[in-house]
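Here is a short briefing for a reader who is new to this structure. Please look over the sequence and the model before reading on.

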Amino acid sequence: PLSNGRGAFSSSLAEYALMAALHFNKQVARCQQNRRERRWDKFEMSVLRGQTLGLLGFGDIAQHVARLGKAFGMRVVCLRPRKP
């Protein structure tokens, strides 16, 4: 039997989305490569505060992501599909 588990994983997926945003924003791969190579690569690290977070749809997961984005000081915009 199938069931709708609405909200069951919304928080986890929202946290994952913000973790991905932080990962790319903070250039984690670059930092790890520099550490492996014992290299000091001076660069400016940006912040999420003030950035715009765009969401396609505004279901349960997107609402959780929006709350987390707001907590980071991000501007949140979403595109909700319209039914004809």
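The points below cover a helix pair, a nonpolar core and two single residues.

This is a predicted model. Helices α1 and α3 cross at roughly 50 degrees. Both also feed the largest nonpolar core, as does strand β1. S46 sits in a loop, while H64 sits in a helix.

**The helix pair**

- The axes of α1 and α3 come within 8 Å and cross at roughly 50 degrees.
- Angles from 65 to 115 degrees would count as roughly perpendicular, and those under 35 as roughly parallel. This crossing falls in neither range, so α1 is oblique to α3.
- The crossing of α1 and α3 is right-handed.
- On the α1 side, the contact is made by S10, S11, L13, A14, E15, A17 and L18.
- On the α3 side, D60, I61, H64, V65, L68 and G69 make the contact.

**The nonpolar core**

- The largest nonpolar core has 9 residues: A14, L18, L48, L53, L55, A62, V65, A66 and M74.
- At least two residues of this core come from each of α1 (10-25), β1 and α3.
- Helix α3 gives the largest share, 3 residues.
- A14 and L18 belong to this core, and both also take part in the contact between α1 and α3. V65 is another core member that also serves in that helix contact.
- M74 belongs to the core too. Beyond its neighbours within four places in sequence, M74 is in contact with L48, G50, Q51, T52, L53 and G69. Of these partners, L48 and L53 are core residues as well.

**H64**

- H64 lies in helix α3, which spans residues 60-71.
- Is H64 buried or exposed? Its relative accessibility is 18%, so H64 counts as buried. The cut-off for buried is under 20%.
- H64 touches S10, S11 and A14, once residues up to four places away in sequence are set aside.
- Those three residues, S10, S11 and A14, are among the α1 residues that make the helix contact.

**S46**

- S46 is found in the loop between α2 (28-36) and β1 (52-56).
- S46 counts as partly exposed because its relative accessibility is 31%.
- Which residues does S46 contact, leaving aside neighbours within four places in sequence? They are N25 and K26.
- The side chains of S46 and N25 are joined by a polar contact of 3.1 Å.
- S46 and S10 are 36 residues apart along the chain, and 27 Å separates their C-alpha atoms.

Key
Residues are numbered from 1 along each chain as its sequence is written. This is a predicted model: local features need pLDDT of at least 70, side-chain atom pairs count only at pLDDT 80 or more; totals for chains, interfaces and linings use all residues. Side-chain values use heavy atoms; hydrogens and water are left out. Helices (H or I, at least four residues) and strands (E, at least two) are DSSP runs, numbered from the N terminus. Buried means under 20% relative accessible area, exposed over 50%, partly exposed in between (1.4 Å probe, protein chains only). Contact means heavy atoms within 4.5 Å. A polar contact is a pair of N or O atoms within 3.5 Å; within protein, one must be able to donate a hydrogen and the other to accept it, and residues adjacent in sequence count only if both atoms are side-chain atoms. A nonpolar core is a set of buried Ala, Val, Leu, Ile, Met, Phe, Trp, Tyr and Cys residues joined through side-chain atoms within 4.5 Å. Axes are lines fitted to C-alpha atoms, for helices over the stretch in contact, and angles run from 0 to 180 degrees between N-to-C directions. Angles under 35 degrees count as roughly parallel, over 145 as roughly antiparallel, 65 to 115 as roughly perpendicular and the rest as oblique. A crossing is left-handed if the near helix is turned anticlockwise from the far one by less than a right angle, and right-handed if clockwise.
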